[in-house]
Amino acid sequence: MDYGFLGWIVVGLIAGALAKWIMPGKDPGGIIVTILIGIAGGLLGGYIGSMLGLGGGNLVNILLATAGAVLLLWIYRMIKARQA
């Protein structure tokens, strides 16, 4: 299933919520930054998944986007922790 750019943004919103649920805690930047990271993670996960040929179902796409969002959230927290 090919979502296109807007579809991956919507999936990214879901992925951002799931990433926050998987990695609870206080994020520097608040909920807006977490949502933006979720959208970016959704786009990243969708891009990498499509390059690897892993897309195809709603659940697979949400899992890919969530993995991308978790990765970006972890990187963001590491960068902010080093700056503090």
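## Ile48 and Leu36 on helix α2

In this predicted model, Ile48 has a relative accessible area of 42% and is therefore partly exposed, since that class lies between the limit for buried, under 20%, and the limit for exposed, over 50%. Ile48 belongs to helix α2, and its C-alpha atom is separated by 8.9 Å from that of Gly68, a residue 20 places away along the chain.

Leu36 is also found in helix α2, but it counts as exposed because its relative accessibility is 51%, where the class begins over 50%. The C-alpha atom of Leu36 is 9.4 Å from the C-alpha atom of Ala69, although 33 residues separate Leu36 and Ala69 along the chain.

## Overall architecture

The secondary structure of the chain consists of three helices and zero strands, and the order of elements along the sequence is accordingly written as α-α-α. Of the 84 residues in the chain, 32% count as buried. When contacts are restricted to residues at least 6 apart in sequence, 78% of them join residues that are at least 24 apart.

## Packing of α2 against α3

Helix α2, which spans residues 30–52, packs with helix α3, which spans residues 58–83, at an angle of about 130°, and the axes of α2 and α3 are 6 Å apart. With this angle, α2 and α3 are therefore oblique to each other, as the value falls neither over 145 degrees, where a pair counts as roughly antiparallel, nor within the 65 to 115 degrees that counts as roughly perpendicular. The crossing of α2 and α3 is right-handed.

On the α2 side, the contact is made by Val33, Ile37, Gly38, Ala40, Gly41, Gly42, Leu44, Gly45 and Gly49, while α3 contributes Leu64, Ala65, Gly68, Ala69, Leu72, Leu73 and Tyr76. Sorted by class, this contact of α2 with α3 holds 10 nonpolar residues and six polar residues, with no charged residues. Gly68, whose C-alpha separation from Ile48 was given above as 8.9 Å, is among the α3 residues of the contact, and so is Ala69, the residue paired above with Leu36 at 9.4 Å.

## The nonpolar core

The largest nonpolar core is made up of five residues, namely Val11, Ala15, Ala19, Ala65 and Ala69. Helix α1, residues 4–22, and helix α3 each supply at least two residues of this core, and α1 gives the most, with three residues. Ala65 and Ala69 are listed in this core and also appear among the α3 residues that make the contact with α2.

## Ile62 and its distant partners

Ile62 lies in helix α3 and is partly exposed, because its relative accessible area is 22% and the limit for buried is under 20%. Apart from its neighbours within four places in sequence, Ile62 is in contact with Val11, Ile14 and Leu18; of these, Val11 is also a member of the largest nonpolar core. Ile62 and Gly12 are 50 residues apart in sequence, yet their C-alpha atoms are 7.9 Å apart in space.

Technical notes: Residues numbered from 1 in each chain as written. Predicted model: local features only at pLDDT ≥ 70, side-chain atom pairs only at ≥ 80, totals over all residues. Heavy atoms only, no water. Axes fitted to C-alpha atoms, helices over the stretch in contact; angles between N-to-C directions. Helix = DSSP H or I, 4+ residues; strand = E, 2+ residues; numbered from the N terminus. Parallel < 35°, antiparallel > 145°, perpendicular 65-115°, else oblique. Left-handed = near helix turned anticlockwise from the far one by under 90°. Contact = heavy atoms within 4.5 Å. Nonpolar A, V, L, I, M, F, W, Y, C, P; charged D, E, K, R; others polar. Core = buried A, V, L, I, M, F, W, Y, C linked by side-chain atoms within 4.5 Å. Buried < 20%, exposed > 50% of the residue type's maximum accessible area, 1.4 Å probe, protein only.
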